[in-house]
Amino acid sequence: MFVRPALVSTLLLAGLGLAGPALAGECPADKVKADAVKPVTHGPKGVTDKVLSSIDLAGEKVALKGHMMRVRKLEVQPGGIVPWHSHADRPALIYIVSGEIVENASNCAVPIVHKAGEVARESHATAHWWQNNGKAAAVLLSFDIAADPNDHGM
């Protein structure tokens, strides 16, 4: 009998008690709301952003001229802020290596808490800012595709 991998994953998560209306680090379904959080003008505070590696996608099989795939390490100190930004043309996956950080997303009526070991998905619909309300630095790895090779935004 052939069982689809997605079904197996869902059953496994349910068996572990990890499946529910919202996965860890996501906006609860009943709190999703357009324009729930308005843009803020906070600048970066207590955050470092270092590009660890990148690939120019123009020369790859996908041939995305003017696009870079990159891995960045962000360290957000206690009280630190990653300023408001959009992912309209820069999808990303954020892996929380250590610490805890709060995301204030435009489409969620409540702050989203991200903890070590979780992955946050940032798609074209994502606009947000992050803050570290904890007592320890939060370390994040960002895997993104930048439409502008000169994009140095967070």
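This is a short walk through the salt bridges, the nonpolar core and a surface patch of a predicted model.

Let us begin with the charged side chains. The model holds 6 salt bridges, and a good place to meet them is Asp144. The side chain of Asp144 pairs with that of Arg72, with 3.3 Å from N to O. This pair joins distant parts of the chain: Asp144 sits in strand E8 (residues 138–146), while Arg72 belongs to strand E2 (residues 68–86), 72 residues apart. Asp144 and Arg72 are both buried.

Asp144 has another partner too. Its side chain also meets that of Arg90 in a salt bridge, at 3.2 Å from N to O. Arg90 lies in the loop between E2 and strand E3 (92–98) and Asp144 in strand E8, so this bridge ties together parts that are 54 residues apart in sequence. Arg90 is buried, as is Asp144. If you step back from these pairs, you will find a network of salt bridges that links Asp49, Arg70, Arg72, Arg90 and Asp144.

Now look at another pair, Lys73 and Glu75. They form a salt bridge in which the closest N and O atoms are 3.4 Å apart. Lys73 has a relative accessible area of 32%, so it counts as partly exposed. Glu75 is likewise partly exposed because its relative accessibility is 27%, a value in the range between buried (under 20%) and exposed (over 50%).

From charges we can turn to the nonpolar interior. The largest nonpolar core has 12 residues in all: Val47, Leu74, Val76, Val82, Ala92, Ile94, Ile96, Ile101, Ala120, Trp130, Ala138 and Leu140. Strands E2, E3 and E8 are the elements that each give two or more residues to this core. To get a feel for the packing, pick out Ile101. Setting aside its neighbours within four places in sequence, Ile101 is in contact with residues including Val76, Ile96, Trp130, Ala138 and Leu140. Its contacts also include Ile112, Val113, His114, Gln131 and Asn132.

Finally, come out to the surface. Here Leu93, Tyr95, Val97, Val119 and Phe143 form a nonpolar patch, and together they have about 410 Å² of accessible area. E3 supplies the largest share of this patch, 3 residues. Val97 is a handy one to find, as a residue of strand E3. With a relative accessible area of 37%, Val97 is partly exposed, and patches are made of residues with over 30%. Strand E3 therefore appears on both stops of this tour: it gives two or more residues to the core and the largest share of the patch.

Technical notes: Residues numbered from 1 in each chain as written. Predicted model: local features only at pLDDT ≥ 70, side-chain atom pairs only at ≥ 80, totals over all residues. Heavy atoms only, no water. Salt bridge = Lys/Arg side-chain N within 4 Å of Asp/Glu carboxyl O. Helix = DSSP H or I, 4+ residues; strand = E, 2+ residues; numbered from the N terminus. Buried < 20%, exposed > 50% of the residue type's maximum accessible area, 1.4 Å probe, protein only. Patch = residues over 30% accessible without salt bridge, like charges linked within 9 Å, V, L, I, M, F, W, Y side chains within 5 Å. Areas by Shrake-Rupley, 256 points an atom, 1.4 Å probe, with all protein chains shown as cover. Core = buried A, V, L, I, M, F, W, Y, C linked by side-chain atoms within 4.5 Å. Contact = heavy atoms within 4.5 Å.
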